[in-house]
Amino acid sequence: HNGKNSGLLLQGKLTEMNSMLSRLMYAPPIDKWGVDKVKFSSNNNTDNFSDLGLFDVVIKPQNDVPIIHINGTKEGLDRLPSTWETVTVSAQEDTSTPLPLITLSDRDMKPNQFLNSEGRLNDAEKMLTESMLRLELTFIARHGQIRVDSRNDDIVVEFKDSETHLSGSIEGINRVLSRGISYHGDLNFHGADTIDIQSKNQNAAIDERKSAYNTFSRKMAVNVA
């Protein structure tokens, strides 16, 4: 089910059919969840007898962690962290330094989940969807602070010691990031610094097999002269 009907035709003797039916499996399309409907029919080729059936398949949502991209890189969950591009920035002591463009992407942002049998999301599904749409992005500079311009955006920005924390919608966070991000080293600091960047969904435990918060992490090296 992907907005289109998909079908499977089985033909054979009764014993063969029952053997095949006992091994049938349902595989939902990627990133789809909710309720899917499976219709089936059977008939005997020797006469006009046929039978029809219908049942629902309930697909539980699984949260996908938001991905951090630096300068348009294509990191994803299908690649090992060791293969990701290492980004290094040069900075001057006691000087504000612009950082490369950082953006977020999240497969959960696609409006492609199944609807329930009534053609709309029920309250529980709506709550899960809304919770998956809230993201958190944190910058941690060990010897400085990251600053952003969050004016006129429905985004919560918090500064605490060496941490800069953003929370809100992916559109709002990306809009803030697009205005520019800058590194400010501690007074008189020079040498090597590291910026830890972490993204996660602000959601309840959607998949019992996983933590309530799925986190994606990147690092950026800063050489302060």
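The following legends describe close-up views of a predicted model.

**View A. Strand β11 and its pairing partners.**
Strand β11 comprises residues 181-185. Four of these five residues are buried, so the strand is largely enclosed by the rest of the structure. Strand β8 (residues 144-148) pairs with β11 in the antiparallel sense, and five bridges join the two. Within this pairing, Val-148 stands opposite Ile-181 of β11. Strand β5 (residues 97-98) also pairs with β11 in the antiparallel sense, here over two bridges. For Pro-98, the bridge partner in β11 is Ser-182.

**View B. The surroundings of Thr-164 in strand β10.**
Thr-164 belongs to strand β10, which spans residues 163-169. With a relative accessible area of 0%, Thr-164 is buried, because the threshold for that class is under 20%. A polar atom of the Thr-164 side chain lies 2.4 Å from the backbone oxygen of Ile-146. When residues up to four places away in sequence are not counted, Thr-164 touches Leu-137, Thr-138 and Phe-139. Under that condition, the residues touched by Thr-164 also include Gln-145 and Ile-146, together with Val-157, Glu-158 and Phe-159. Ile-146 therefore appears both in the contact list of Thr-164 and, through its backbone oxygen, in the 2.4 Å pair, with Thr-164 itself being buried.

**View C. A nonpolar surface patch.**
Leu-8, Leu-21 and Leu-24 make a nonpolar patch of about 310 Å² on the surface. Leu-21 is located in helix α1, which covers residues 14-21. The relative accessible area of Leu-21 is 42%, and the residue is accordingly classed as partly exposed. This value lies over the 30% required of residues in a patch.

**View D. Asp-94 in the loop between β4 and β5.**
Asp-94 is found in the loop that links β4 (87-91) to β5. Its phi is near 60°, a positive value in a residue other than glycine. Asp-94 is partly exposed, at a relative accessible area of 43%. Strand β5, at one end of this loop, is a strand that pairs with β11.

**View E. Asp-161 in the loop between β9 and β10.**
The loop between β9 (156-160) and β10 contains Asp-161. For Asp-161, phi is near 55°, again a positive value in a residue other than glycine. The relative accessibility of Asp-161 is 68%, and the residue counts as exposed, because that class begins over 50%. Strand β10, at one end of this loop, contains Thr-164, which is buried.

Conventions. Residues numbered from 1 in each chain as written. Predicted model: local features only at pLDDT ≥ 70, side-chain atom pairs only at ≥ 80, totals over all residues. Heavy atoms only, no water. Buried < 20%, exposed > 50% of the residue type's maximum accessible area, 1.4 Å probe, protein only. Helix = DSSP H or I, 4+ residues; strand = E, 2+ residues; numbered from the N terminus. Pairing = 2+ DSSP bridges. Patch = residues over 30% accessible without salt bridge, like charges linked within 9 Å, V, L, I, M, F, W, Y side chains within 5 Å. Areas by Shrake-Rupley, 256 points an atom, 1.4 Å probe, with all protein chains shown as cover. Salt bridge = Lys/Arg side-chain N within 4 Å of Asp/Glu carboxyl O. Polar contact = N/O pair within 3.5 Å; in protein donor to acceptor, adjacent residues only side chain to side chain. Contact = heavy atoms within 4.5 Å.
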